[in-house]
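Reader: I'd like to go through the salt bridges here and hear how each label is earned. Can you show me the model?

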Amino acid sequence: MNLFLIGPMGAGKSTIGRLLAQELQLEFIDSDKEIETRAGADIPWIFDVEGELGFRKRETNIIDELSQHNNIVLATGGGAILSPDNRRYLQSRGTVVYLHASLQQQLERTAKDRNRPLLQTEDPAKVLSDLMQIRDPLYRDCCDLLIQTDGRRPKSVAREIIRQLEQLEILR
């Protein structure tokens, strides 16, 4: 039983992932935190030194490794689905849940977060909009479940995911 959470920055993947793991008695792993731990540096530093390409390579290696574990809830970074390899790993090794958040919700949830290198710009709304145009079709194509998170409490979202997993008989 593996659950893989995908979606944009600010959709609540880490928060909801922790709640799901707790409720389902699974291990929670955040791929971005794992990358930081192993690199001994935060993501902005990795972006500065290695560029986005270097970060994405690390991300693919981590997702390949972690998605082979059993009984986990894995929160992925917003851009993880850009890699065809990552999409293949996630789809073939567990249930993929797309946590969808509107542009407005993403802006509100990421406004004060300095740990998001792609948003350190004059116009974060344009960046988020451009990213969503590219990524939303990939998220939709990759997922088994699509869950709206706008204006909802994380516990409510986690309960809905569990309910849908039960209906699909993924959870028994």
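Reader: What makes glutamate 36 count as buried?
Author: Its relative accessible area is 15%, and buried means under 20% (exposed is over 50%, partly exposed in between, with a 1.4 Å probe and protein chains only). So glutamate 36, at 15%, gets the buried label. Bear in mind that this is a predicted model, where local features need pLDDT of at least 70, side-chain atom pairs count only at pLDDT 80 or more, and totals for chains, interfaces and linings use all residues. Residues are numbered from 1 along each chain as its sequence is written, and side-chain values use heavy atoms, leaving out hydrogens and water.

Reader: And why is lysine 33 called partly exposed?
Author: Lysine 33 comes out at 43% relative accessibility, so it lands between the two cut-offs.

Reader: How do you know that lysine 33 forms a salt bridge with glutamate 36?
Author: The closest N and O atoms are 3.8 Å apart. A salt bridge needs a side-chain nitrogen of Lys or Arg within 4 Å of a carboxyl oxygen of Asp or Glu, so this pair qualifies. Both residues lie in helix α2 (residues 31–39), three residues apart, about one turn of the helix.

Reader: What makes glutamate 34 and arginine 38 a salt bridge?
Author: Their N to O distance is 2.9 Å, therefore within the limit. Glutamate 34 and arginine 38 also both lie in helix α2, four residues apart. Glu34 and Arg38 are linked with Glu65 in a network of salt bridges, too.

Reader: How many salt bridges does the structure hold?
Author: Eleven.

Note on methods. Helix = DSSP H or I, 4+ residues; strand = E, 2+ residues; numbered from the N terminus.
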